[in-house]
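Student: Got a minute to go through a structure with me? I'd like to start with the cysteines.
Tutor: Sure, put it up.

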Amino acid sequence: MDEFVQTTLAGLVPAQKKGEGPGFRWQWLEQGVIRLTPHSKVTRSLVLSAGIHGNETAPVEILSQVLDALWRGEIVLCWDVLVVLGNPLALQTGKRYQACDLNRMFGGRWEAFEPGTERARAELLEQAVGGFFANSPPVRWHLDMHTAIRGSLHPRFGVLPARNAAWPAAFLQWLEMAGLEALVFHQTPGGTFTHFTAQYYDALSCTMELGKAMPFGQNNLNAFSAARHALEELLGKGPEAVPVVQQPVARCYKVSQQLTRTGEAFILHIPDDTVNFTPFSKGELLAEDGDNKQVVQQETEYVLFPNRLVAPGLRAGLMLAEIPHP
Ligand SMILES: [Zn+2]
């Protein structure tokens, strides 16, 4: 593994906090946060993050491989890049999180949580990203890499935050080049890291779900090669490197309704072993809390991230409706 990832996983602060790489200068900013700035003038900024959930190791390994390639000079960096390992303490312990799910706390939602690892981390990451975007080039992307806990009918997919404007074709095409088979479009703001960068900094942001979570060293990295290759192309050549696809391949969905755990009496009628994108038919009962019942409203809706074990007030699942490719 490259030094930055190694140092972060060991919980160490590097002795040297800035230096020169091939064609760029680097600066260690915080635990798990490093900035790479090319010597040549560039027009684009990228936040590249992984490990927001500490048990999702494959993206951290991909990131490490990409950083290795940068430091070996195999990629001529054409973006100002902020690399973020989201939750170092959770990564060190191999847990999804220490106290609370970090990826529900962004956009200032951390203020409503008890003090703890994730609350402090959400605040710190918001500041780090704000500081980066305040003095980096104005074309902004954010790619946040994850792996899912459960199986999925689309093993690799992207979840895109709510956005008023249309999504540029080059961005969606790059996501497809990275191997994503489905794209899910949120319709309302949320507390994820990508929602934060999209809403506050108008970044083109995507939460990339790249496959199933395994412990460090047990990931079949071949399964992730499309994502790594696409990242290396992107960092070295920019979005222009994306070959123009005549036929978009990804299936597209929008969030049709959210299932929220309303209280202790809340029952989720979706079994624990249900895989992502499982279809449900109009009228099927999805969740209930006393008289309050949530049913499938469209002809067919597809479930994403069902989880009955969330705290009251948090998301117990999303329901999706298929839409044409934008
Ligand atoms: Zn995750």
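Student: Cys252 first. Buried or exposed?
Tutor: Keep in mind that this is a predicted model. Cys252 is buried, at a relative accessible area of 1%.

Student: And Cys78, buried or exposed?
Tutor: Cys78 is buried, with a relative accessible area of 15%.

Student: How many disulfides are there?
Tutor: The count is zero.

Student: Why is Cys78 not in a bond?
Tutor: Because the closest cysteine sulfur, in Cys206, is 19 Å from the sulfur of Cys78, too far for a bond. The cut-off is 2.5 Å between the sulfur atoms.

Student: Where is the nearest cysteine sulfur for Cys252?
Tutor: In Cys206, 11 Å away. Cys252 is in no disulfide.

Student: New topic: pockets. What volume does the largest pocket have?
Tutor: About 730 Å³.

Student: Which residues are closest to its centre?
Tutor: Arg96, Asp101, Arg104, Ile149 and Asn307. They belong to a lining of 36 residues.

Student: Which elements give two or more residues to that lining?
Tutor: Strand E6 (139–148), helix H6 (193–201) and strand E9 (204–212). The largest share, three residues, comes from E6.

Student: What about the domains? Which ones does the lining draw on?
Tutor: Domain 1 (3–241) and domain 2 (256–323) each supply at least three residues to the lining of the largest pocket.

Student: Last one. How do the lining residues divide into nonpolar, polar and charged?
Tutor: The lining of the largest pocket has 16 nonpolar residues, 11 polar and nine charged.

How values were computed. Residues numbered from 1 in each chain as written. Predicted model: local features only at pLDDT ≥ 70, side-chain atom pairs only at ≥ 80, totals over all residues. Heavy atoms only, no water. Buried < 20%, exposed > 50% of the residue type's maximum accessible area, 1.4 Å probe, protein only. 1 Å grid on protein atoms, 1.4 Å probe; cavity = no way out; pocket = protein on both sides within 12 Å on 5 of 7 lines; lining within 4 Å. Points joined across faces, edges and corners; volume = space filled by probe spheres on them. Helix = DSSP H or I, 4+ residues; strand = E, 2+ residues; numbered from the N terminus. Nonpolar A, V, L, I, M, F, W, Y, C, P; charged D, E, K, R; others polar. Domains from an automatic or database assignment.
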